[in-house]
Amino acid sequence: MTTPDLPTARLGDRSLFPDLQPRAYLNHAAVSPWSAPVQAAIAAVAADYARRAAGAIPLWIGQRARLRAAIAGLIGAEPADIALINNTTRGVTDVALCLSWRPGERVLLFQGEFPANVTPWQQAAELFNLSVEMLPLADFARSPADGLAALEAALAAGGVRLVAVSAVQFQSGLRMPLAAMADACHAVGAELFVDGIQAVGAVPLDVREAGIDYLSTGGHKWLMGCEGLGFLYVRPERLGELRPRVAGWLSHEDGLRFLLEGSGHLRYDRPIRRTADFIEGGAGNTVGCAALEASIGLIAQLGPAAVWAHVQAYLDALEAGLIARGFVSLRSRDPAARSCILSVLPPNPGDVLGFQRELAERGVACSTPDGLLRFSPHWPNHPDEVPFVLDAVDDALGHG
């Protein structure tokens, strides 16, 4: 099976999104629209299964290996380090259940994290008799040095097995100093788990350079795939820490032999694979895999570093215009701590939901996580949209 040809992706060009209705779609931190190549990839799977049903399975199982390779290339990993999963939460849950915990170990989380990176650890704490502690994100918001000092103090108390954090905070867009956090963790024998859903695809991230032990992400935000398909990265050195508590029939080595090679191969004692994909225990999301391969193919043409720089120029102009209109920006002053998210409070912060609806009526799509107004452009957004967005803001402010 060869890699499908994709149209050329160009920064600031939304021609691959001909069906997108909002004139300024600034909500990629929630759900990205499907591009025409993504729609075509999904249609190809549907057509093949409609024609051949079970006969199509070998072709699309083979496509998974190619997708793992594409993901690995995007984040600086190897294909064997990648498992395909349903969503970010599934990856967090799998690691939480499979780690070889010892009773009493500490897990450090952060107040303000998205619940996907909190709830599974809380459940694991109850199951394995662990201690969960919440650290404030405010220390990192002040400066990376303050945040790292607070983290190091918590680690120095001893007994920490794992620190879980988002690469980019979903509310403020704060980009966390992952490499320094990993160094701090490893210095005391702890591990770093990263929720990457608000970063991967638009913010440069190399898991090996950063020293990340585990990274989980869904594909429907900055990767621009569809809901129901993402991936989990496991650092090879950490595979030995995982127990196959979520293994299924496809987790075994040569797990398909009894279906493909005649009689005598039905066994239940085949070893569980010692690669990250052992957690892929059953039938996968073929449609989601095809969509994600197409969307990553477009991002790979551009490169996350180019995407990030493109979006920064857009957000620089938008932020300046909003501040001039009395908005309060939560965007970091430190470029290294910036992501592709700009969150602000409007002059009348008590009616953020109403203000978001006013913008939607004027063709500007954004979102309101926990009472903030969040703008999140991606590579198809052109900076020429900014005057239109600010005009919409002026209209909404006047209407209010």
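A pocket is taken here as an open set of grid points with protein on both sides within 12 Å along at least five of seven lines. The model analysed is predicted. Its largest pocket has a volume of about 610 Å³. The lining of this pocket comprises 21 residues. Those nearest the centre are Ile57, Ile61, Arg64, Leu250 and Leu256. Helix 2 (57–75) and helix 9 (257–260) each give at least two residues to the lining. Helix 2 provides the largest share, with 6 residues. By class, the lining of the largest pocket divides into 12 nonpolar, 4 polar and 5 charged residues.

The second largest pocket holds about 320 Å³ of space. It is lined by 20 residues, and Leu137, Phe140, Ala141, Ser172 and Leu174 are the closest to its centre. Helix 5 (residues 138–142) makes the largest contribution to this lining, at 4 residues. The lining of the second largest pocket has 9 nonpolar, 7 polar and 4 charged residues.

Enclosed space was also searched for. Over the whole structure, 3 cavities of 30 Å³ or more were found. The largest cavity contains about 60 Å³. Its lining consists of Arg14, Phe17, Leu20, Tyr25, His28, Pro33, Met224, Pro380, Asn381 and Glu385. Of these residues, 6 are nonpolar, 2 polar and 2 charged.

The strands were examined next. Strands of a sheet pair through backbone hydrogen bonds, in either the parallel or the antiparallel sense. One open sheet is built from 7 strands in the order 2-8-7-6-5-3-4, with mixed pairing. Strand 2 (82–85) and strand 4 are at its edges; each has a single partner strand, so one side of each lacks a neighbour in the sheet. From one strand to the next, the twist averages 20°.

Within this sheet, strand 3 (residues 106–111) pairs with strand 4 (residues 131–136) in the parallel sense, over 6 bridges. Strand 3 also pairs in the parallel sense with strand 5 (residues 160–166), over 3 bridges. Val107 takes part in both pairings: its bridge partner in strand 4 is Val132, and it stands opposite Leu162 in strand 5. The link between strand 3 and strand 4 includes a helix. Together with helix 4 (residues 119–128), the two strands make a right-handed β-α-β unit. Helix 7 (residues 178–187) lies across strand 3, strand 5 and strand 6 (191–195). Helix 7 runs at about 150° to strand 6.

Another open sheet has 3 strands, in the order 9-10-12, and its pairing is antiparallel. Strand 9 (328–329) and strand 12 (373–375) are the edge strands, each pairing on one side only. Strand 10 (residues 342–345) joins strand 12 in antiparallel pairing over 3 bridges. Here Ser343 stands opposite Arg374 of strand 12. Helix 11 (residues 304–324) lies across strand 9, strand 10 and strand 12. The angle between helix 11 and strand 10 is about 5°.

Technical notes
Residues are numbered from 1 along each chain as its sequence is written. This is a predicted model: local features need pLDDT of at least 70, side-chain atom pairs count only at pLDDT 80 or more; totals for chains, interfaces and linings use all residues. Side-chain values use heavy atoms; hydrogens and water are left out. On a 1 Å grid over the protein atoms alone, a cavity is a set of points where a 1.4 Å probe fits but cannot get out, and a pocket is an open set with protein on both sides within 12 Å along at least five of seven lines; lining residues have an atom within 4 Å of a point. Grid points are joined across faces, edges and corners, and a volume is the space filled by probe spheres set on the points. Ala, Val, Leu, Ile, Met, Phe, Trp, Tyr, Cys and Pro count as nonpolar, Asp, Glu, Lys and Arg as charged, and the others, Gly among them, as polar. Two strands pair if DSSP finds at least two bridges between them. A crossover is right-handed if, with the strands pointing away from the viewer, the path from the first strand over the helix to the second runs clockwise. Contact means heavy atoms within 4.5 Å. Axes are lines fitted to C-alpha atoms, for helices over the stretch in contact, and angles run from 0 to 180 degrees between N-to-C directions.
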